Amino acid sequence: MSQSQRTTSTVPKTVSLVSIVLPTYNGAAYLSKAIMSCVAQSYHDWELVIVDDASTDATPEIISCFCGRDPRIRSVRHAINKKLPGALNTGFEVAQGQYLTWTSDDNCYMPDGIETLVHYLDSEPDVDIVYSGFSTMDAEGRHLKSVRVSAPEELAGGNCVGPCFMYRREVHTRAHGYAEDLFLAEDFDFWLRASTSFRLKELTADLYRYRVHAGALSILHRTAIQIATEQALVRNRECLHWISAAGKTRGFLAMAHRAAYFHRWAATLRWYARALTMSPSTC
């Protein structure tokens, strides 16, 4: 069954609250900019739940300052570091919105980002998860390039959703949050599980700014992210029943190519073998 054939329950078109969860750990360098990008949104009916994952830098002081300025901003602090998926689960446990999303402490929304995502979900009741294009920027905030996200069928080859998205509360409820044993691929795992029951849709609009810098998880843990991504895909391979054999083959080949990039030759061969099993003619 394709994504376009899915049917889900609809929600009212008048959604008053968006919950943005912002997990942070020693994120003082860029945290203020990330929070300000939420405050500057053209859409005003939001709450920002900041989860301080046991930071030891100036993060708590920054959070306290913003919470004192805007009643829409509140925070939760972990006594011990639980890593990103644990922080996300903590944030969404207290989130009250009907539409949910999360952002990182080093990234920023475009001013109309939240409004555009809300408007799409309001106007398309058969879509449950919407995600959009984004731009990358360097450590100083200078534009690097614009990135266009791919269609949901590309989930067979990795996380095609990217950093800018929004989904209905029912998605989170039925997916039971983020897998805390899949740190670095918790978002990919979540989309795979959600795709079995909910419809995803990509937008071409550029609604987000993703910062590329030396301290980013995507830079510090590149090989570990690849390994975790493979683990998530293997764990959730039954979730891909809605993707065609050709789509799975393309995805598995993409996984093989990325494994080869990291010189993980055994994994490369395994993904090539999976692709060959799915569709020999495509290989």
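This is a short tour of helix α8, its neighbouring helices and a pocket beside them. Keep in mind as you click along that the model is predicted.

**Stop 1: α6 and α8**

Start by selecting residues 186-195, which form helix α6, and residues 222-235, which form helix α8. Their axes lie 9 Å apart, and the two helices pack at an angle of about 20°. Angles under 35 degrees count as roughly parallel, so α6 and α8 are roughly parallel to each other. The crossing in which α6 passes α8 is right-handed.

Now show the side chains at this contact. On α6, pick Phe188, Asp189 and Leu192; on α8, pick Thr229, Ala232, Leu233 and Arg235. Try colouring them by class: this contact has 4 nonpolar residues, 1 polar and 2 charged.

**Stop 2: α8 and α9**

Keep α8 on screen and add α9, residues 245-261. Here the packing angle is about 150°, and the axes are 10 Å apart. How do α8 and α9 run, roughly parallel or roughly antiparallel? Since angles over 145 degrees count as roughly antiparallel, α8 and α9 are roughly antiparallel to each other. Their crossing is left-handed.

From α8, select Arg222, Gln226, Thr229, Glu230 and Leu233; their partners on α9 are Phe252, Met255, Arg258, Ala259 and Tyr261. By class, the residues of this contact are 5 nonpolar, 2 polar and 3 charged.

**Stop 3: α8 and α10**

Next, bring in α10, residues 265-278. The axes of α8 and α10 come within 13 Å and cross at roughly 35°. This crossing, too, has a hand to look for: α8 passes α10 in a left-handed way.

Which residues meet here, in α8 and in α10? Glu230, Leu233 and Val234 belong to α8, while Ala267, Trp271 and Arg274 belong to α10. This contact holds 4 nonpolar and 2 charged residues, with no polar ones.

**Stop 4: the second largest pocket**

Leave α8, α9 and α10 displayed, since you will want them for the last stop. Each of these three helices supplies at least two residues of the lining of the second largest pocket. To outline this pocket, select Leu233, Val234, Arg237, Glu238, Leu240, His241, Lys248, Phe252, Trp271, Arg274 and Met278. The space inside amounts to about 160 Å³.

Which helix gives the most to the lining of this pocket? That is α10, with 3 residues. Colour the lining by class one last time, and you should find 6 nonpolar, 1 polar and 4 charged residues.

Before you close the viewer, click on Leu233 again. Leu233 takes part in the contact of α8 with α6, in the contact with α9 and in the contact with α10, and Leu233 also lines the second largest pocket.

Technical notes:
Residues are numbered from 1 along each chain as its sequence is written. This is a predicted model: local features need pLDDT of at least 70, side-chain atom pairs count only at pLDDT 80 or more; totals for chains, interfaces and linings use all residues. Side-chain values use heavy atoms; hydrogens and water are left out. Axes are lines fitted to C-alpha atoms, for helices over the stretch in contact, and angles run from 0 to 180 degrees between N-to-C directions. Helices (H or I, at least four residues) and strands (E, at least two) are DSSP runs, numbered from the N terminus. Angles under 35 degrees count as roughly parallel, over 145 as roughly antiparallel, 65 to 115 as roughly perpendicular and the rest as oblique. A crossing is left-handed if the near helix is turned anticlockwise from the far one by less than a right angle, and right-handed if clockwise. Contact means heavy atoms within 4.5 Å. Ala, Val, Leu, Ile, Met, Phe, Trp, Tyr, Cys and Pro count as nonpolar, Asp, Glu, Lys and Arg as charged, and the others, Gly among them, as polar. On a 1 Å grid over the protein atoms alone, a cavity is a set of points where a 1.4 Å probe fits but cannot get out, and a pocket is an open set with protein on both sides within 12 Å along at least five of seven lines; lining residues have an atom within 4 Å of a point. Grid points are joined across faces, edges and corners, and a volume is the space filled by probe spheres set on the points.
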